Amino acid sequence: GLPTQGATPPGIRKAVDASFATWGQVECDGRRVALDLHQTVETAECAEPEYNPGGPNANAVIFVSDWDERGLPPSALGLTLTWHNPYTGEIFDADLQINEELGVLTLCEGVPPKCAEGQLDLQNVVTHEAGHFLGLGHTEDDPLATMAARALPGETSKRSLTDDDRSGLCAMFG
C-alpha cells in the first residue's frame, strides 16, 4: 500500500531512489561495488510481502497502517523480509515494510535536512531497510551507523553511510 498521510508517490520514489543510490556509491579498494539494482517506474498496490517461487518477483516497498494488528515489532520503523537460499546466500526476493503507526512519513527537506515535529524521514528509514535488502544485519559496533538498530523520529543522519556500513557492504560484495 501507499502511505495514508505524508509522502506522495513522487516523494516516495525520490526517497527510495536516493536510498539505494547511497549504497550503490560504495567503493571497496577503490572500485565501486557491483550492485545490479533495477527500478520499476510503476507504482503498484501491494498490501503483503510475498515471494513467488514459480515465477518472477517484484521487490516492494509496502506502507503498513495496521502494523500492530499484524504482530510486527512495535518500535520498528521498518522491517525487510528476505527470501533466500540458505546454502548460498543468494537473495531471491525482498520486500520492505514501513511502519506508518509511529509518525507521519515524509521526505524531510533542507541542507541539512530537517523534519517537523512528529515526522519520520522516509529516506532515513528506507536507506536502513535497503541495507537489509542487500543482506546486511544490524551493527552493534557504531550506534551512528545506518545499520544501527535504532533511529529516532526526525532523524536524517542514516541517509548517509558510515565506515562501519561501507565495511559491511564491502565484506559481502567487495
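The following paragraphs lead the reader through a predicted model, starting from one helix and moving outward to the sheet and the nonpolar cores.

Helix α2 covers residues 122-133. Its 12 residues reach 16 Å from the first C-alpha to the last, close to the 16 Å expected at 1.5 Å a residue. Is this helix enclosed or open to the surroundings? Because 12 of the 12 residues of α2 are buried, the helix is largely enclosed by the rest of the structure. Among these buried residues are Leu-122, His-128, Glu-129 and Phe-133. The elements that cover them include the helix α1 (9-24) as well as β3 (61-64), β4 (78-84), β5 (91-99), β6 (104-106) and β7 (119-121). After α2 comes Gly-135, which has a positive phi, near 110°.

Several of these covering strands belong to a sheet. Strands of a sheet pair through backbone hydrogen bonds, either parallel or antiparallel. Here, three strands form an open sheet in the order β3-β5-β4, and the pairing is mixed. The edge strands, β3 and β4, each pair on one side only. Between β3 and β5 the pairing is parallel and extends over four bridges; within it, Ile-62 has Gln-97 of β5 as its bridge partner. Helix α2 packs on this sheet, where it touches β3, β4 and β5, and its direction makes about 155° with that of β5.

The nonpolar interior remains to be described. The largest nonpolar core has 27 residues, of which Trp-23, Ile-98, Leu-122 and Leu-169 touch the most other members. Two or more residues of this core come from each of α1, β5 and α2. A second, separate core consists of seven residues, including Ile-62, Trp-67, Leu-72 and Ala-76.

Key:
Residues are numbered from 1 along each chain as its sequence is written. This is a predicted model: local features need pLDDT of at least 70, side-chain atom pairs count only at pLDDT 80 or more; totals for chains, interfaces and linings use all residues. Side-chain values use heavy atoms; hydrogens and water are left out. The expected span of a helix is 1.5 Å times one less than its number of residues. Buried means under 20% relative accessible area, exposed over 50%, partly exposed in between (1.4 Å probe, protein chains only). Contact means heavy atoms within 4.5 Å. A nonpolar core is a set of buried Ala, Val, Leu, Ile, Met, Phe, Trp, Tyr and Cys residues joined through side-chain atoms within 4.5 Å. Two strands pair if DSSP finds at least two bridges between them. Axes are lines fitted to C-alpha atoms, for helices over the stretch in contact, and angles run from 0 to 180 degrees between N-to-C directions.
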